[in-house]
Each structure stands twice: as structure tokens, then as C-alpha cells.
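Hi,

Here is the structure we talked about passing on. Have a look at it first, then read my notes underneath.

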Amino acid sequence: MGLFIGTLIIVGLCCLAMGIGQLIAGRPLAGGCGNKPAGTPRCESCPKRKISGDSRC
């Protein structure tokens, strides 16, 4: 039980630190290739696709 509580505290502190970092940066979370407007090819400019040559995003 103590291990679970310790892990929960560490995860909570990491989430809190990440949230504070986002507040300080002033930017919302955004995805990589999926944050383009509708109607545009979503995978054409994906850097992961260009590196791996994969046809998927």
C-alpha cells in the first residue's frame, strides 16, 4: 500500500509540474500532425513520416 501511495504522490507532483509549466509558457497543449484545419492533408508535412517513409501518420 505504501508503494502505491508513493507512486500516486510522484505522479501527482509530475502532473502538477507539467501544468505549472504550461501556465508559465502560456501555450495550450497541441498535437503534432493532427492539429491542422479540416480539409488539408494531415500527413503530408509530418516529419515522422518523412524520416521513416511510412505511409501512415
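**What turned up**

Helix α1 has 24 residues and runs 35 Å from its first C-alpha to its last, which is close to the 34 Å expected at 1.5 Å a residue. Do keep in mind that this is a predicted model. In residue numbers, α1 covers 2-25. Just after α1 comes Gly26, with a positive phi of about 75°. Looking at the whole chain, you'll find two helices and zero strands.

Next, the surface. Of the 57 residues in the chain, buried ones make up just 4%. The chain exposes about 5,000 Å², and 70% of that is supplied by carbon and sulfur atoms.

There is also a nonpolar surface patch of about 990 Å². Its makers are Met1, Phe4, Ile5, Leu8, Ile9, Leu13, Leu16, Ile20 and Ile24. Take Ile20 as an example: this residue sits in helix α1. Ile20 has a relative accessible area of 43%, so it counts as partly exposed.

Now the cysteines. A disulfide is a covalent bond between the sulfur atoms of two cysteines. How many disulfides does the structure hold? The count is zero. Cys14 is in no disulfide, and the nearest cysteine sulfur to it belongs to Cys15, 7.0 Å away. For Cys15, likewise in no disulfide, the nearest cysteine sulfur is that of Cys14. A pair of cysteine sulfurs has to be within 2.5 Å to count as a disulfide, so Cys14 and Cys15, at 7.0 Å, do not make one. Cys15 is also partly exposed, with 45% relative accessibility.

Cheers

Definitions and conventions:
Residues numbered from 1 in each chain as written. Predicted model: local features only at pLDDT ≥ 70, side-chain atom pairs only at ≥ 80, totals over all residues. Heavy atoms only, no water. Patch = residues over 30% accessible without salt bridge, like charges linked within 9 Å, V, L, I, M, F, W, Y side chains within 5 Å. Areas by Shrake-Rupley, 256 points an atom, 1.4 Å probe, with all protein chains shown as cover. Salt bridge = Lys/Arg side-chain N within 4 Å of Asp/Glu carboxyl O. Helix = DSSP H or I, 4+ residues; strand = E, 2+ residues; numbered from the N terminus. Buried < 20%, exposed > 50% of the residue type's maximum accessible area, 1.4 Å probe, protein only. Expected span 1.5 Å × (residues − 1).
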